[in-house]
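Biologist: I should like to go through this model step by step, beginning with the ligand and then turning to the sheets. May I put my questions to you in that order?

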Amino acid sequence: PPEGARSGLGRPGAAASASVQLHPCQEAMVRCHGSQCGFCTPGFVMSLFGMYQNTNGGQGVTREQAQVDLSGNLCRCTGYRPILDAAQQMGSLPLPAGCAVDEAATVAALKALKPGTTADGVYLKPRSLRALLQARANRPGAQLVAGCTDVGLWITKQHRRFDRIIDVTGTQELRRIEGYPHHIAIGAAVSLSEAFESLVAERPQLKTFGQRFAGLPVRNSGTLGGNVANGSPIGDSMPLLIALGASVVLMRWKKTKAGGQMAHRELRLEDLYTGYRSNVMRPDEVLAWIKVPRPTPGEFTRVYKISKRFDDDISAVCLALNLHIDHGVVCGASIGTGGVAATPARARQTEAALVGQPWNEDTVMNAMDTLRQEFQPISDMRASAAYRQTVLGNLLRRFWLESQGHQAINLESLKTLEALS
Ligand SMILES: Cc1cc2nc3c(=O)[nH]c(=O)nc-3n(C[C@H](O)[C@H](O)[C@H](O)COP(=O)(O)OP(=O)(O)OC[C@H]3O[C@@H](n4cnc5c(N)ncnc54)[C@H](O)[C@@H]3O)c2cc1C
């Protein structure tokens, strides 16, 4: 806000002076005392502004919605209650003249922006899969980028420079989600928000997990393909995708006498990784699709993310389980883990300890031991090795209890109170 805006700050119940022209989301923050040291305030205001635009001027914003949409913003002094109040109050405040946003014009202006050039002038954003694969074949050393929520940090934190960049987010085919009788195919450049929406549509129990992946802005710009290709051992989507039996389709441009053609190979997701942040992808290959089997009768699926903070934090341990139980016997088991090995990994020994066994407490206790012994996690700032091993087994026990209808008291089941009027 312009000079003078601070006059409204800190006065209980006082609106900022009329000349200041605060936007309703700023005004609500002032009225609700949503700012203290101010460090996080611009970020919160921008997220509130996003909500304001997406909810027809802040209409009908629930506490739950506000909490989800603001989960990518962290405050360490004022506290979240007044900020959530602001989210719910902004819709009742008038929009001063000049504060309205012409969204269509803004989007058009953004689309008209010409990409800047890199050091040697190579920044490519192919529009078709064919053009993408050809660009990749011609420049195998170029840095592929999608939403840049990982790559961006290599630049800002590690000061890396890339002379040649190929951006996959303009490739129309890779932005699609396609449904087939037995699986859905998620294009690698589909945003995490849309990808999780499609997974939750088939398995509603995954909703909370999807909402705990980063925060809304990162989920809107980051892609599922970027998460999978990046292959971080603490990445969240891979344990889940492994448990669901997902496969990946890698594509490249194969030169032929006639010029060339698109070629592909498909492998199980867990077979993509060869070691810490390394994979089997050839320099001329691109991750094109992630194929996820649809649910089948008798499957029981859960995914657990353990992190120091509930929202917007990286997993210390992630465990995803997908069991098929028929007449009380485990007839299929698929288990994905994160945070316990150098790569996202499948818990094959634990699966073997479960399949063919009666689904009862003895089987579970035995499988818990196997699961704890199957991995040798490291200690780091997120958790000690011992903690990771212990919690891994405990999560299997939780899965067992939930399969028996127990609903533990956990953070997922706690709801924030609506504002007191
Ligand atoms: C604040 C914040 C919070 C985060 N929270 C989480 C979290 O909770 N859980 C989690 O798992 N991650 C988290 N991340 C990491 C990141 O958001 C994800 O890994 C995201 O999915 C990366 O996708 P992207 O499109 O931004 O990839 P980019 O950063 O663009 O690329 C990542 C890597 O994938 C490669 N790549 C991208 N697309 C392709 C393709 N089609 N073919 C081949 N290679 C490709 C790139 O070359 C690069 O090596 C967080 C990041 C931030 C900044």
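Modeller: Let us begin with a definition: Ala, Val, Leu, Ile, Met, Phe, Trp, Tyr, Cys and Pro count as nonpolar, Asp, Glu, Lys and Arg as charged, and the others, Gly among them, as polar. Please keep in mind that the model is predicted.

Biologist: With those classes, how do the residues of the shell around the ligand divide?

Modeller: The ligand is surrounded by 31 residues. Among the closest are Leu 144, which counts as nonpolar, and Asp 150, which counts as charged. Taken by class, the shell consists of 16 nonpolar, nine polar and six charged residues.

Biologist: Which residue has a side-chain N or O atom 2.5 Å from an oxygen atom of the ligand?

Modeller: A polar contact requires a pair of N or O atoms within 3.5 Å. At Asp 313, a backbone N or O atom lies 3.5 Å from a ligand oxygen, and at Thr 149 a polar side-chain atom lies 2.6 Å from one. The side chain that has an N or O atom 2.5 Å from a ligand oxygen belongs to Asp 150.

Biologist: How much of the ligand's area does the protein bury?

Modeller: The reference is the ligand taken alone, which exposes 990 Å². Of that area, the protein buries 88%.

Biologist: Which element gives the most residues to the shell around the ligand?

Modeller: Four elements give two or more residues each, namely β2 (143-145), α7 (151-156), α11 (224-230) and β10 (286-293). The shell also draws at least three residues from each of domain 2 (114-295) and domain 3 (299-403). With four residues, the element that gives the most is α11.

Biologist: Let us turn to the sheets. Which strands stand at the edges of the open sheet of five strands?

Modeller: The order in this sheet is β4-β5-β10-β6-β7, with antiparallel pairing. An edge strand pairs on one side only, and this holds for β4 (177-179) and β7 (261-268). The average twist from one strand to the next is 25°. The edge strands are thus the two ends of the order, β4 and β7.

Biologist: In β7, which residue is the bridge partner of Ser 247?

Modeller: Strand β6 covers residues 247-254, and eight bridges join this strand to β7. The two strands run antiparallel. Ser 247 has as its bridge partner in β7 the residue Arg 268.

Biologist: Why is one side of β1 and of β2 left without a neighbour in the sheet?

Modeller: Three strands form an open sheet with parallel pairing, in the order β1-β3-β2. Both β1 (122-124) and β2 stand at the edges, so one side of each lacks a neighbour; the reason is that each has a single partner strand.

Biologist: Which residue in β3 stands opposite Val 145?

Modeller: β3 covers residues 164-167 and pairs with β1 over three bridges; there Val 122 has Arg 164 as its partner, and Leu 124 stands opposite Ile 166. Three bridges also join β2 to β3. Opposite Val 145 in β3 stands Asp 167.

How values were computed. Residues numbered from 1 in each chain as written. Predicted model: local features only at pLDDT ≥ 70, side-chain atom pairs only at ≥ 80, totals over all residues. Heavy atoms only, no water. Near = heavy atom within 4 Å. Polar contact = N/O pair within 3.5 Å; in protein donor to acceptor, adjacent residues only side chain to side chain. Areas by Shrake-Rupley, 256 points an atom, 1.4 Å probe, with all protein chains shown as cover. Domains from an automatic or database assignment. Pairing = 2+ DSSP bridges. Axes fitted to C-alpha atoms, helices over the stretch in contact; angles between N-to-C directions.
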